[in-house]
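Visitor: I should like to examine this model through a short series of questions. Please show the sequence and structure.

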Amino acid sequence: MVPMAEFKRIVILTGAGISAESGIDTFRSAGGLWEQHKVEDVATPEGFARDPDLVLGFYDMRRAALAKVEPNPAHVALARLEAEFSGQLLLVTQNVDDLHERGGSKQVLHMHGELKSALCTSCEMRSEWNATMSDRPSCPICKASALRPDVVWFGEMPYQMERIYVALAECDLFVSIGTSGAVYPAAGFVQEARSAGAATLELNLEPSEGSHFFSESRHGKASKLVPEWVAQLLAE
């Protein structure tokens, strides 16, 4: 791989694996919230139309669960990188939790939305949200009782894709942390970066489905790998 000191534009993608160590349920968590529900029932527009009470209650539980978890050393290390890296850094996360922000990161692009945000289906405006939605509260902007979780469900377009693809085309290093490499479009980011000439690095608990696309892969817990990589980058 190119010496770390040569990198000027970095794009980092984080997935469920970085937050799993903090106790956030993933789709594959045994005994977690996701195991109690079918994905098509709680994470699709069709599921919401069919049973909004179920969906709103599910996301109320997910939102409340955030109060019980804390950022781990991987989140903190990425905040340190943002603060100390002399080049340009874009942190893109597939996660809807707020652990990057609570770990100290100031600029986070949530491509799949945020649990602590509400989207009004009437006026299409977003509002910061920490309360429940299952009791059908009014939109703070238009006053309609038309709020839904501001998260990207299966079948919906992730947020800010144009900005992400521009960054991938311009970066000289793409790093994927804690992702399965199975969910598109994020699973294709490594190929986008490679085609633009960027070095590519995977930090994951185990090889992802897209490991063979990366020029380097390091496997282990994010809470160990990410601080080590950040320290290496900033030391060179």
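**Cores and sheet**

Visitor: In this predicted model, which residues does Ile177 touch, not counting residues up to four places away in sequence?
Guide: The model is a predicted one. Leaving out residues up to four places away in sequence, the contacts of Ile177 are Ile12, Leu13, Thr14, Gly15, Ile18, Leu78, Leu203, Ala222 and Val226.

Visitor: Which element gives the most residues to the largest nonpolar core?
Guide: This core has 23 residues, and those touching the most other members are Ile12, Leu78, Val175, Ile177, Val226 and Trp229. At least two residues each come from strand E1 (9–14), helix H5 (73–84), strand E7 (173–177), strand E8 (199–204) and helix H9 (222–235). The element that gives the most, with six residues, is H9.

Visitor: How many residues form the second, separate core?
Guide: Among the members of this second core are Val42, Leu56, Phe58 and Ala146. The core is separate, and its number of residues is 22.

Visitor: Which strands are the edge strands of the open sheet E5-E4-E6?
Guide: Three strands form this sheet, with antiparallel pairing, and the twist from one strand to the next averages 45°. An edge strand here pairs on one side only, which applies to strand E5 (126–128) and strand E6 (147–151).

Visitor: Which residue in E6 stands opposite Leu119?
Guide: Strand E4 (residues 113–120) pairs with E6 in the antiparallel sense over four bridges. Opposite Leu119 stands Arg148.

Visitor: At what angle to E6 does helix H4 run?
Guide: Helix H4 covers residues 52–65 and lies across both E4 and E6. Relative to E6, the angle of H4 is about 55°.

Notes
Residues numbered from 1 in each chain as written. Predicted model: local features only at pLDDT ≥ 70, side-chain atom pairs only at ≥ 80, totals over all residues. Heavy atoms only, no water. Core = buried A, V, L, I, M, F, W, Y, C linked by side-chain atoms within 4.5 Å. Buried < 20%, exposed > 50% of the residue type's maximum accessible area, 1.4 Å probe, protein only. Contact = heavy atoms within 4.5 Å. Pairing = 2+ DSSP bridges. Axes fitted to C-alpha atoms, helices over the stretch in contact; angles between N-to-C directions.
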